[in-house]
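This briefing is for a reader meeting the structure for the first time. Please look over the sequence and the model before reading the notes below.

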Amino acid sequence: MKAKRWYQIHLVLGILGSGFLFVIGITGSLLVYGKEIQSLLTPIQIPLQENRMTFDGLYQKLNHQLPKGSIAGWLVSDLLDQPDQIWFHDTNIPSKEVVYLLDPFNGTIIGSLKEDRSDSFYGFLLVLHYSLFMGGVGYFITGCFALVYLLLVLTGLKLYKRFWTNLFRLRLRESLQILFSDLHKFVGINAVWFHLILAITGGWWSIRDTIIRTYPKETIVHGLWSTNKSIDSLIEQSKTKIEGFNLGYISFPHHTKDEPIGFYGNRYNSNRFESRYGSYVLYDTNKNQILKLVDMSKESFQTQFLDSFRPLHFGTFGNHFSKIIWILCGLTPAILSVSGIMIFYQKRKNKRKVLKQKTQF
């Protein structure tokens, strides 16, 4: 295929995906430190103490503060000064799910959010980033745009296959078209590894959750877990099965009587590319027997590779160093979007100028 044809494909894909890349780039960069920014914008005062309350104690205190209903999920905060998040179904409003904010040191509910947490800064960015506020359809659309993103990277590499010859060229004193062209190549080529990571990981999640996996219509069944059952004993049992187990999320049964309770997390000594929820234990709620156990350190290479997508996508594998790199690189899709549009505009402007000059003679 001739270079002109590759350029046309790249151009069409760029026009289709420019707006998406701009939004994804900006929101993605902000999400890297989204939780920290959230705590600055809407500070929630949690008096830090040496130890959290037990989960059984917290669950009992929750029952006295919440309306009649069922807890569906419990997100354990990974920041000491931030509250846990409790997903709750009210019996009076079956279709509505509320996220309550829980102080894990004294068991007090200190606020609430929408189900998708879009009424918080972090939640707003997250929903915009992965679904464009369009629900499941939007999630599928972002997956399609991730494919466009990947094709843009591949066609760009094809167009600039001798990229190493002008890897750091940026002619600031030339025409706007040349300047934007150099900027586009400079950002696109030097961050190509980052673009591939984002496109592949984001695209995989969308394809997996909208095409590969099927989700039955959700129905809520209340009363499947009670204070007579011990959460802490199951957590301790999980720690004996997965060495150094670090709890991140609890999924309570709320769909069917046979639904297990799940404890999701990772290991304290896990490698940096292991996700926070990769290892888990599922228990039969009646017999406390283990139904399924996944210790990510003992899983196949393929499973571990797919599990690494989360820290790779969000840049959390290297603490603050990788996060800062991800913030800077996260802006590159937006830069590529703007520079690509400007190249197209300048080329059309120059062509019109040339045609106008020809018609004058």
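How many disulfides does the structure hold? The count is 0. The model is a predicted one. The notes below cover cysteines, salt bridges, a charged surface patch and two backbone angles.

**Cysteines**

- A disulfide is a covalent bond between the sulfur atoms of two cysteines.
- The structure has 0 such bonds.
- C144 is partly exposed, and its relative accessible area is 36%.
- C329 is buried, with a relative accessible area of 11%.

**Salt bridges**

- The structure holds 7 salt bridges.
- One of the salt bridges pairs R208 with D209, and the closest N and O atoms of this pair are 2.9 Å apart.
- D209 counts as buried because its relative accessible area is 16%, and the cut-off for buried is under 20%.
- R267 forms a salt bridge with E274, where the closest N and O atoms lie 2.7 Å apart.
- R267 and E274 are both buried.
- R267 also meets D295 in a salt bridge, at 3.7 Å from N to O.
- D295 lies in the loop between β8 (290-294) and α9 (301-307), while R267 is in strand β6 (residues 261-267), so this pair ties together parts that are 28 residues apart in sequence.
- The relative accessibility of D295 is 6%, so D295 counts as buried.
- R267 has a relative accessibility of 11% and therefore counts as buried.
- R267, E274 and D295 are joined into one network by salt bridges that share partners.

**Positive surface patch**

- A positive patch on the surface is formed by K2, K4, R5, K347, R348, K349, K351, R352 and K353.
- Two helices, α1 (3-32) and α12 (332-359), each supply at least two residues of the positive patch.
- Which helix gives the most to the positive patch? It is α12, with 6 residues.
- R352, one of the patch residues, is placed in helix α12.
- R352 has 46% relative accessibility and so counts as partly exposed.
- Patch residues need over 30% relative accessible area, and the 46% of R352 fits that cut-off.

**Positive phi angles**

- Most residues other than glycine have a negative phi.
- F133 is a residue other than glycine with a positive phi, near 60°.
- F133 is found in the loop between α4 (121-131) and α5 (135-159).
- Is F133 buried or partly exposed? F133 is partly exposed, with a relative accessible area of 40%.
- N288 is not a glycine either, yet its phi is positive, at about 60°.
- Where is N288 placed? N288 sits in the loop between β7 (279-283) and β8.
- N288 has 37% relative accessibility and so counts as partly exposed.

Note on methods: Residues numbered from 1 in each chain as written. Predicted model: local features only at pLDDT ≥ 70, side-chain atom pairs only at ≥ 80, totals over all residues. Heavy atoms only, no water. Patch = residues over 30% accessible without salt bridge, like charges linked within 9 Å, V, L, I, M, F, W, Y side chains within 5 Å. Areas by Shrake-Rupley, 256 points an atom, 1.4 Å probe, with all protein chains shown as cover. Salt bridge = Lys/Arg side-chain N within 4 Å of Asp/Glu carboxyl O. Lys, Arg positive; Asp, Glu negative; His and termini not counted. Charge placed at Lys NZ, Arg CZ, Asp CG, Glu CD. Helix = DSSP H or I, 4+ residues; strand = E, 2+ residues; numbered from the N terminus. Buried < 20%, exposed > 50% of the residue type's maximum accessible area, 1.4 Å probe, protein only. Disulfide = S-S within 2.5 Å.
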